[in-house]
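Here's a quick tour of a ligand site and the metals beside it. Have the viewer open and follow along.

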Amino acid sequence: MVSIKTAKDIEAMRPACQHAANTLVMIEPYIKAGITTDDINDLVHEFTIKAGGIPAPLNYHGFPKSVCTSVNHVVCHGIPGNKKLKDGDIINVDVTTILGGWHGDTSKTFYVGKPKVRTEKVVEVARKALELGIAQVRPDATLGDIGHAIQSYVEGERMSVVREYCGHGIGRVFHEDPQVLHYGKVNTGLKLKAGMVFTIEPMVNIGKAAVKLLGDKWTVVTRDKSLSAQFEHTLVVTETGCEILTLPS
Ligand code: MF3
Ligand code: CO
Ligand code: CO
């Protein structure tokens, strides 16, 4: 069941979405060689609590921290720990804030220092993949249109799209219907309607698409250890297209 949010619901979601977006702005200057992902976790946690919010990842199905930090070949759901970032790394910081009972979910891949050419390529392809997916969103377009736009672009760049994890409906609930796949065929799947709210969050691998889950039951890595990058926004379908809710204010 895919819910249609009212104008009032959307207004109620804005603070959560903006806070999540502003968290990424807050964290950016800290992304430097020598910082640990635990430090990032603590900064995100404090920033959220101070705003009267709740970091949605904490205890979500047992996730032990307040933010996901996915470094280099980690695809998603990386658990913050005591490992230090080093120059040349990339790190996706995935923030989900609960504020006033509503969720906002957004993530971004940051460079630590100066990236190598190939590293920059996968990050920029992931950034553009999200942008192209978003460009498809309007009433009467389909979820397949979004997936196809992302997949055809990424594979045209000779990179690959992760299949096992997808975007999702979001609202009072963190993950709700629909599932937003980042691959697919034009004019297939759910037809979009104004008031639908969901995330798009393509994970792009520089190598093969296959992933595996580590023994901690959370950390997802590329099987071939190749780099992976991701960007995510929460958006609402409007009468004329869509509005990205997770833009910083
Ligand atoms: N924020 C992730 C997403 O985009 C989900 C993280 S779930 C967690 O859907 F438990 F790992 F935090
Ligand atoms: Co999400
Ligand atoms: Co997220």
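How far is an oxygen atom of ligand 1 from an N or O atom in the side chain of aspartate 105? In this predicted model, that separation comes out at 3.1 Å. Two other acidic side chains make a similar kind of pairing with ligand 1, so here they are side by side.

| Side chain (N or O atom) | Atom of ligand 1 | Distance |
|---|---|---|
| Aspartate 94 | nitrogen | 3.1 Å |
| Aspartate 105 | oxygen | 3.1 Å |
| Glutamate 232 | oxygen | 3.0 Å |

On its own, ligand 1 would expose 330 Å², and the protein buries 97% of that. The space ligand 1 takes up is the largest pocket. Around ligand 1 there are 14 residues, with Pro57, His168, His175, Glu201 and Glu232 coming nearest. By character, that shell splits into 6 nonpolar, 4 polar and 4 charged residues.

Now for the metals. The cobalt ion called ligand 2 takes its protein donors from Asp105 (OD), His168 (NE2), Glu201 (OE) and Glu232 (OE), which lie 2.0 to 2.2 Å from the ion. Along the sequence, these donor residues follow the spacing D-x62-H-x32-E-x30-E. What makes the arrangement around ligand 2 irregular? The 6 donor atoms there subtend angles of 51 to 160°, and that is why the arrangement counts as irregular. For reference, ideal angles for six octahedral donors are 90 or 180 degrees.

The other cobalt ion, ligand 3, is coordinated by Asp94 through two OD entries, plus Asp105 (OD) and Glu232 (OE), at 2.1 to 2.5 Å. Its donor residues are spaced D-x10-D-x126-E in sequence. The site of ligand 3 is irregular too, with angles of 57 to 165° among its 6 donor atoms.

How far apart are the two cobalt ions? Ligand 2 and ligand 3 lie 3.3 Å apart, with aspartate 105 bridging them. Glu232 is also worth a click: the residue is listed as a donor for ligand 2 and for ligand 3, and its side chain has that 3.0 Å pairing with an oxygen atom of ligand 1.

Definitions and conventions: Residues are numbered from 1 along each chain as its sequence is written. Chains are lettered from A and ligands numbered from 1 in the order in which they are written. This is a predicted model: local features need pLDDT of at least 70, side-chain atom pairs count only at pLDDT 80 or more; totals for chains, interfaces and linings use all residues. Side-chain values use heavy atoms; hydrogens and water are left out. A residue is near a molecule or strand if one of its heavy atoms lies within 4 Å of it. A polar contact is a pair of N or O atoms within 3.5 Å; within protein, one must be able to donate a hydrogen and the other to accept it, and residues adjacent in sequence count only if both atoms are side-chain atoms. Accessible areas come from the Shrake-Rupley method with a 1.4 Å probe; for residues, only the protein chains shown count as cover. On a 1 Å grid over the protein atoms alone, a cavity is a set of points where a 1.4 Å probe fits but cannot get out, and a pocket is an open set with protein on both sides within 12 Å along at least five of seven lines; lining residues have an atom within 4 Å of a point. A molecule sits in a cavity or pocket if more than half of its atoms lie within 2 Å of its grid points. Ala, Val, Leu, Ile, Met, Phe, Trp, Tyr, Cys and Pro count as nonpolar, Asp, Glu, Lys and Arg as charged, and the others, Gly among them, as polar. Donors are N, O and S atoms within 2.8 Å of the metal (3.2 Å for Na, K and Ca); water is not among the atoms, so sites may look incomplete. Four donors count as tetrahedral if all angles lie between 85 and 135 degrees; four count as square planar and six as octahedral if opposite donors are over 155 degrees apart and all others between 65 and 115; anything else is irregular.
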